[in-house]
Amino acid sequence: MNSIKSFSNDVHGGRLEVHLVGGFSDERQLSQKLTHQLLSEFDRQEDDIHLVTLCVTELNDREENENHFPVISGIAVNIKTAEIYRASFQDRGPEELLRAARALAGGPMISIYDAETEQLRIGPYSWMPFPHVDFWLQQDDKEILENLSTSPLAEPPHFVEHIRSTLMFLKKYPSPMSTLFPGNKALLYKKTQAGLWEKTSFPES
């Protein structure tokens, strides 16, 4: 909210709009809990917020052979027209394994995009050595899927391979601060005119 409002200080009129898309009727009811937390948090805001799109939990659920799956698992937004549409992403951006390792090691969700500088700012991160990493690397696909996913039946085909690669990354870099972030500085990326992310120089501080 603060990030969005910081770019609207000189704007008169308009309104704050929210689009919530995702989740499904999973057996652990994690989607329902997260949806409730999000709606409660928006309700607590002092600003007047308009809920425009709500496609969550049972509204985004399909059933197949008595198993539940999300109808929509990815969206994109055209920031010029405000059009929202279904999307899937082959390219998940720079330092994918580094970002995935941080998440798997228990790091909270954060935004890495700085709208003011139009850059991705990644890190610096630190994490504790991942517990029993060798044990997990020895497990078969079924064990990894059932134990390291919140929704095993709804995961994409590449999920297990991605988790294995992330575990290997955690094993290789148990102390990322000293090995992946020279001078304890963030990794910065900026888009080229061709639309590709390009690594830039390190920040001054």
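The buried residues of helix α6 pack against α3 (96–104), α4 (133–137) and α5 (141–147). Here buried means under 20% relative accessible area, with exposed over 50% and partly exposed in between (1.4 Å probe, protein chains only). Helices (H or I, at least four residues) and strands (E, at least two) are DSSP runs, numbered from the N terminus. This is a predicted model: local features need pLDDT of at least 70, side-chain atom pairs count only at pLDDT 80 or more, and totals for chains, interfaces and linings use all residues. Residues are numbered from 1 along each chain as its sequence is written, and side-chain values use heavy atoms, leaving out hydrogens and water.

Which residues of α6 are buried? They are F159, V160, I163, T166, L167, F169 and L170. An α-helix has 3.6 residues a turn, so residues three or four places apart point the same way. Helix α6 covers residues 159–172, 14 in number. From first C-alpha to last, α6 reaches 20 Å, close to the expected 20 Å. That expected span is 1.5 Å times one less than the number of residues.

Now the strands. Two strands pair if DSSP finds at least two bridges between them.

| Strand pair | Sense and bridges | Opposite residues |
|---|---|---|
| β8 (119–122) and β9 (187–191) | antiparallel, four bridges | Q119 and K190 |
| β3 (61–64) and β4 (67–70) | antiparallel, four bridges | R62 and F69 |

An open sheet of four strands runs β7-β8-β9-β10, with antiparallel pairing. β7 (113–114) and β10 (197–199) are the edge strands, each with a single partner, so one side of each has no neighbour in the sheet.

β3 and β4 form a hairpin with two residues between them. In the turn, N65 has a positive phi of about 55°.

Conventions. Contact = heavy atoms within 4.5 Å.
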